[in-house]
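Subject: Structure handover

Hello,

Here is the structure I promised to pass on. Please open it alongside this message; my notes follow below.

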Amino acid sequence: MNEHYRQLVAKINQWDHEYYVLDNPSVPDAEYDRVFRELLAIEAEHPDIVTAESPSQRVGAKPIAEFRKIEHRVKMLSLANAFSLEETYDFFDKAAKELDISPESLMVFSEPKLDGLAIAIHYHQGLFSYAATRGDGQIGEDVTHNIKTIKSVPLKLSGDKLPEKLEVRGEVFMPKAAFEKLNRLAQDNDSKVFVNPRNAAAGTVRQMNPKIAAERDLQFIPYGIGEYQGERDFNRHSEIIDYLTTLGFRKSLHCQAFHGSFEAFEKNYRLMEAVRDTLPMEIDGIVYKIDSLAQQTSLGFIARSPKWAIARKFPAQQVVTRLLAVDFQVGRTGVLTPVARLEPVFVGGVTVSNATLHNMDEIERLGLCVGDRIEIHRAGDVIPKVVKVAEQGTDRQPIKMPDRCPVCAAPVERTAGQAAFRCTGGLTCAAQGAERIRHYASRKFMNIVNLGPKLIEVLYDKGVLKTIADIYTLSLSDIASLEGQGDKSAQNVLDSIEASKATKLGTFLGALGIHEVGEEGAKNIAKYFKNYEAIASASLEQLMQVPDIGPVMAKNVVDFFSNEKNQAIVAAIIKAGVTWPDEEGEPVSEQILAGQTWVLTGTLQMPRNEAKALLESLGAKVAGSVSKKTTCVVAGLDAGSKLAKAEELGVKVIDEATFLKEFNLEA
């Protein structure tokens with residue numbers, strides 16, 4: 001019986017692979033149904049023999065109560081976007097220059113950008129283990145129960161010598177035919193219809209009941225791997241895609257590898273643009289990646305996106321509507337942003353009634369007045385944006401920046417040399433205060449998990465929370481007395497606050513909400529100065545020595561810590577017990593290369609990212625090009641234009657052996 005059962009499992013899984021992955025079914029539906037019923041009958045009679053790879057287990061899970069959080073062992077990054085051929089080519093031209101090669105010698109791999117939801121699927125010894133959404137890139141949600149229902153996702157990988165661990169990353173999407181069927185059923189049942197396949201796929205993946213997901217014909221196509229423990233070595237991204245196909249996954253249509261000339265990018269884009277409407281799934285662009293994994297490693301990442309891949313988005317849909325009014329919103333840092341209120345219009349799959357106007361300079365550039373008919377599009381198919389005035393209104397009203405903050409009535413000022421207008425109310429402005437607290441408590445920073453945006457808003461409106469320091473003075477009664485709260489939920493909030501007190505210096509610095517100092521900038525500053533006292537007392541010149549910190553960000557840090565109110569708030573937070581360890585490493589005073597600029601070029605035996613990290617740890621800035629300000633160039637084998645430029649400018653040049661000897665790294 002067991003052998004016959006295993007044969008049935010293998011046969012049905014093979015048929016599923018032929019139907020859902022290869023689009024080439026080998027048996028009629030009636031035969032498939034007959035064999036599947038036989039399998040179910042055996043499992044009902046002998047439940048002890050049911051295996052995890054049985055096709056019956058795709059819909060075997062019970063509805064879940066909540067989504068469990070899963071931390072990605074390898075961070076899931078998002079991609080930067082390009083909206084023109086020039087932007088795409090310039091991105092890879094810049095990468096080629098950093099690699100010290102010509103763009104034409106870059107091998108680029110292109111694949112359709114599926115309009116769905118990024119998912120990571122983990123396998124252990126070849127068997128499906130669990131699946132998670134990308135989330136914020138670091139932490140996603142466990143959606144195993146729904147991903148198991150997707151028949152193009154193997155429950156058991158094909159082939160021999162399977163990896164001990166494999167994380168397959170890809171896109172879950174709903175084919176056009178399945179989307180149309182789903183909406184027809186919704187209309188027949190007077191239910192809510194989905195706006196587009198992407199929303200339908202995302203909504204389905206987040207269903208609590210896997211039986212619903214199983215009925216909606218989701219599909220999965222991989223675009224790479226994350227965690228990997230196996231015997232195979234990969235040199236190119238295209239090899240990974242081909243390898244995943246041998247394991248039983250579906251491959252994207254119209255993948256292509258080509259040398260990175262301007263003409264090749266143009267030809268590839270025209271091809272994908274021509275076939276877009278013929279594909280069985282929605283795509284919203286093309287993903288381009290440098291094929292060489294060694295070159296990918298050498299280039300590394302910037303903030304939340306790689307320097308070796310970019311998404312070329314298709315042009316957004318454009319429509320014309322009327323500008324009814326302009327409101328001014330006050331952000332967390334006090335910046336007043338004009339927001340266009342529009343006559344509602346359907347564009348890019350959604351009804352739009354608001355659009356960003358960015359700043360007053362943009363309004364002036366557009367020549368925009370209230371009452372005009374304007375052309376809008378959804379930039380990157382996401383953010384509504386005003387493109388131009390299509391027709392001037394008969395009763396035009398000029399748009400003016402208010403003299404006073406619309407929230408707190410404090411004067412509005414414009415920083416010299418900047419487009420931004422800011423409320424001067426600072427911590428006294430309700431718009432800024434609540435946003436600062438939300439920012440501080442957010443998962444990305446202090447991660448006070450039970451102190452959510454709605455609770456913050458209520459506590460702020462009641463005057464219990466006025467600044468971020470007030471978080472640490474909250475009492476049980478402050479929270480328990482609120483509608484919908486009680487002693488238990490209030491204690492959960494206090495426990496979260498207490499847990500947040502143990503943090504990291506870079507995390508705390510980012511949580512303070514200093515203008516333009518984001519997550520990566522805060523980490524860089526903390527890594528450079530090592531302790532809080534050094535940061536708080538740093539001069540403009542010292543801050544500008546930090547890698548990737550420019551004069552504007554440096555001035556904002558100096559201004560923040562020069563403000564007595566800010567000093568008092570931070571002091572109160574520290575007094576409340578918020579602590580962090582000093583960053584490890586040499587103190588700033590011993591960073592022997594502080595203020596110097598170094599350049600790495602050619603092929604080095606030492607991994608380039610390690611050489612860069614070494615130089616930065618000693619205080620140097622590592623640049624991608626040579627100039628008169630360059631202190632030294634480390635030239636490896638086959639050094640090209642950067643070496644020639646250094647010799648032309650008289651910049652000091654050393655070989656790798658001298659570099660290693662100078663920093664006591666000789667073998």
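Tyrosine 228 counts as partly exposed, at 22% relative accessibility. Phenylalanine 234 is its partner in an aromatic pair. The geometry there is edge-to-face: 5.5 Å centre to centre, with 65 degrees between the planes. Phenylalanine 234 falls on the other side of the cut-off, because buried means under 20% and its relative accessibility is 14%. Please keep in mind that this is a predicted model.

**Other aromatic pairs**

The count comes to 22 aromatic pairs. Another of them joins tyrosine 89 and phenylalanine 262. Their ring centres are 5.4 Å apart and their planes meet at 65 degrees, so this pair is edge-to-face. Tyrosine 89 belongs to helix α3 (residues 85–99), and phenylalanine 262 to helix α9 (residues 262–275). The pair therefore ties together parts that are 173 residues apart in sequence. Tyrosine 89 is buried, with a relative accessible area of 15%. Phenylalanine 262 is partly exposed, at 28%.

There is also an aromatic cluster. Its members are Tyr440, Tyr472, Phe508, Tyr532, Phe560, Phe561 and Trp580.

**The chain as a whole**

The protein chain has 24 helices and 24 strands. Its radius of gyration is 28 Å, and the globule rule gives 26 Å for 667 residues. These values are close, so the chain is as compact as a globular protein of that length. Along the principal axes, the C-alpha atoms fill a box of roughly 80 × 70 × 60 Å.

Of the 667 residues, 47% count as buried. The chain exposes about 33,100 Å². Carbon and sulfur atoms supply 50% of that area. Take the contacts between residues at least 6 apart in sequence: 67% of them join residues at least 24 apart.

On charge, there are 78 positive and 90 negative side chains. The centres of the two sets lie 3 Å apart.

**Helix α17**

Which residues of helix α17 (residues 519–529) are buried? They are Glu519, Gly521, Ala522, Ile525, Ala526, Tyr528 and Phe529. Their cover includes four helices: α16 (505–511), α18 (532–536), α19 (540–543) and α20 (551–562). Just after α17 comes lysine 530, which takes a positive phi of about 75 degrees.

**Two single sites**

Serine 442 sits in the loop between α12 (430–441) and α13 (453–461). Its relative accessibility is 24%, so serine 442 counts as partly exposed. Serine 442 and aspartate 160 are 282 residues apart along the chain. Their C-alpha atoms are separated by 45 Å.

Threonine 601 is in strand β21 (residues 597–601). Is threonine 601 buried or exposed? Threonine 601 is buried, with a relative accessible area of 0%. What is threonine 601 in contact with, leaving aside its neighbours within four places in sequence? One contact is Asp100. The others are Arg608, Val633, Val634, Ala635, Gly636, Ala639, Gly640 and Lys642.

Best wishes

Methods:
Residues are numbered from 1 along each chain as its sequence is written. Side-chain values use heavy atoms; hydrogens and water are left out. Helices (H or I, at least four residues) and strands (E, at least two) are DSSP runs, numbered from the N terminus. The radius of gyration is taken over C-alpha atoms; the globule rule is 2.2 Å times the number of residues to the power 0.38. Buried means under 20% relative accessible area, exposed over 50%, partly exposed in between (1.4 Å probe, protein chains only). Contact means heavy atoms within 4.5 Å. Accessible areas come from the Shrake-Rupley method with a 1.4 Å probe; for residues, only the protein chains shown count as cover. Lys and Arg count as positive and Asp and Glu as negative; His and the chain ends are not counted. The place of a charge is taken as NZ of Lys, CZ of Arg, CG of Asp or CD of Glu. Rings of Phe, Tyr and Trp (its six-membered ring) pair if their centres lie within 6.5 Å; planes under 30 degrees apart count as stacked, over 60 as edge-to-face and the rest as tilted.
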